[in-house]
Amino acid sequence: MDDELRERVEREAEKHALLNAVKHDSDADVGAIMGPLMGENPDFRQHGGEIPGLIGPVVANVNQLSAADKRERLEELAPEELAEMEAEDEEDDALLPDLPNADDYDEIRMRAAPNPNGPWHLGHARMPAVIGTYKEMYDGSFIVRFDDTDPETKRPDMSAYDAILEDIAFLGFEPDDVIRASDRVETYYDYARDLIEMGGAYTCSCSGEEFSNLKNNAKPCPHRDKDSETTLEEFEDMVAGEYSSGEMVLRVRTDIEHKNPALRDWVAFRMIDTPHPRPEAEEYRAWPMLDFQSGVDDHLTGVTHIIRGIDLQDSAKRQQFVYDYFGWAYPEVIHWGHVQVDDYDVKMSTSSIKELIDAGELDGWDDPRVPTIKSLRRRGIRGQAIVDAMVALGTSTSNVDLSMSSIYANNRDLVDDETDRYFFVRNGAEFAIEGGPDVAHPPLHPSFEDRGTRDIPVGDSVLLESGDVPAEGERVWLKGFGAVRRDGETLVATGDDLDVVREGDVAVIHWAPTDGVSVRMRTMHEDVLGVAEPDFGDVPVDELVQFERVGFVRVDERGSDETLVYFAHK
C-alpha cells in the first residue's frame, strides 16, 4: 500500500469512526466501521488484511477526544453527513402516536394501576413514562390507583405504596390523584348490589372444578337462575363474612355459550379468609376480583384511555358486560407487548426479586444486580433517562427488547456536561517516577476550561492500570503530567510535547498517586478495588462523577478506610 492510499484510508477511517462515535455517543469501534468503510471505498478491499491494523490507531485517537471535540472534528471532515445523521435522529425522537379519538374527550384521563406487592422493577417504569408523557402532550390527568384487593395471592407490601410513589416521582411525574382500591370496598359492594337487582349477577357455591367443567361445556351453573332476592341475601352474607374462602362467589351473568370460555359467567367477588394488611381494610372478607373493581373504578374516575398488556385483552371483554348492564361507555384501549430487558441475570419479577432478598442472595431492592428503578437510581441513572428509553419503545402490540445501552446513552447525554473528571486506577501496578512536574493539573472537565483544574501531587511513585503498563523502553502520556518512558520499574519524564500524542505515537493513559483515596467500586457483577486521585476525597456523597476511561460513578458512602461508589455506565 503506497503512502497516498494509506493517507486516504486513515482519513476515511477517521470520518467513519467519528460518525460511529457521535451517532452512538460512545467510543468508536474498529469492527463497527469496517463495513461502512469498505462499502464506500471498494478499492480498499484488496488491502483488507492490512486495514484493521492501520485504522486501529486512528480509532484510538478519535476515542481520546471529548464528545464536543468529536462533533467539531466531524463537522470539519463531513458536514453534510453530520447534518443528515442529526436530521435522522430528530425523526427518531418523535413523540408517542396520537391517542385514539382524543378529540372526542374534554380531558384525557389515564391511570397506572400498580399492585403494591413491592417496589417497581424496570418494566413497571414503562406505564408511568408513557402515561406521564401523554398527560404532557394533552394537558390531561394522571391517576395512580393501587389495585390492592387481593390480600392473599398478591398480598400488598405495606412499604410498597410509598416506594412506588417515590419511583414515579423519580421518573419525573406527579399524579393528579392517588387511590387505594382497598379504601373503596363499600363502593364495589354498592355496584354489586345494583348489578344483582338488574339480574346481572348471581351467587354460586359450585366448586372451582365443578364450575370449570360446566363452563367449558357451555352448560349453565345450577345456581344461574336464582332470583335476585335470594342472590342479594347470599351476597349480604358474603359481605358479613358468613362464608369461608371457596364457599361462595358472585358471578357476572354473561353468555354461557360465548365462544370464549374465559368470558362465561366470570367471578366478580370471592371470599378470602386472610385479613388485608392495611388496618383500614382488615375486616373485609368479600373481595372484588380485579376485572370488576378495575372496571368500576375506571368509570367512576373518568378514565378515557387505558393502556394494558396484550395478554389482558379478555379483561376489556369481561368488563364490557358490566358496562353494558350499567349503560356506560367503555374507555379507549391500547394494548401493548411486554418489555424484555437485557444485561441482567436476575429475573424481572417482583416476587422473584423479593424471594432472593429474603434468602439473603441480594442486598435489597437497590442491589446493582437487580433490574429495579431503585437500583438504577442508586447507580446514578437519572429518571429522565429511563423515561426517554421507555417512550422510545412506543406502544407496539409486539414484545419489545429494551437495551440497557439506550438508558445509558440517554443518561450520558443528561450528565456528561455536569460531571467532573477524576482518575481511578483499578488494581494498579506501582512505578517510581523520575523527572517531570511535582504536581499534575488535569482539567476538571475537558469541555469546560472555566471550571479549572485538579491538583494531583505526583510524589515518588504512581499507579497504572495493568492494561496500560508500557513495555520496556516504550513511551506513554500520563494525562495532566506528560510523556514518560519506562525504564525498568521507573517511569522517566521525556519532556516531549503533545505532538507525540497527536501524531499517534504515544498512548494517553490515566494514573493515580500511590497515596490517593482507596475506593471500592460496586458494579452489577462484582466489587472492584482501586485508588483515586486525592481531590476525589472532597466529592460529596450522592454526587456523580466520571472516572476517566472507566465510567460514571455515584459516590455512595464515605468510610474511614475507603469510599464506596456505585458504577453507572461507561
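Student: How far apart are the mean positions of the positive and negative charges of the protein chain?
Tutor: The model is a predicted one. Lys and Arg are counted as positive, Asp and Glu as negative. That gives 57 positive and 122 negative charges in the protein chain, and the distance between their mean positions is 4 Å.

Student: What radius of gyration does the protein chain have, set against a compact globule of 570 residues?
Tutor: The C-alpha trace spans about 100 × 60 × 40 Å along its principal axes. A compact globule of 570 residues would come out near 25 Å, but the protein chain has 31 Å.

Student: What share of the 570 residues in the protein chain is buried?
Tutor: A residue is called buried when its relative accessible area is under 20%. By that cut-off, the buried share of the 570 residues is 50%.

Student: Which helix supplies the largest share of the largest nonpolar core?
Tutor: In soluble globular proteins, nonpolar side chains tend to be buried together. The largest nonpolar core here has 48 residues, and Ile 307, Ile 386 and Ile 407 touch the most other members. Six residues of this core, its largest share, come from residues 383-392, which is helix H15.

Student: Which residues does Ile 407 contact, leaving aside neighbours within four places in sequence?
Tutor: Contact here means heavy atoms within 4.5 Å. With those sequence neighbours set aside, Ile 407 is in contact with Leu 122, Leu 376, Ile 381, Ala 385, Ile 386, Ala 389 and Leu 402.

Student: How many residues are in the second, separate core?
Tutor: Its members include Ile 143, Ala 201, Trp 266 and Val 303. The count for this second core is 38 residues.

Methods
Residues are numbered from 1 along each chain as its sequence is written. This is a predicted model: local features need pLDDT of at least 70, side-chain atom pairs count only at pLDDT 80 or more; totals for chains, interfaces and linings use all residues. Side-chain values use heavy atoms; hydrogens and water are left out. The radius of gyration is taken over C-alpha atoms; the globule rule is 2.2 Å times the number of residues to the power 0.38. Buried means under 20% relative accessible area, exposed over 50%, partly exposed in between (1.4 Å probe, protein chains only). The place of a charge is taken as NZ of Lys, CZ of Arg, CG of Asp or CD of Glu. A nonpolar core is a set of buried Ala, Val, Leu, Ile, Met, Phe, Trp, Tyr and Cys residues joined through side-chain atoms within 4.5 Å. Helices (H or I, at least four residues) and strands (E, at least two) are DSSP runs, numbered from the N terminus.
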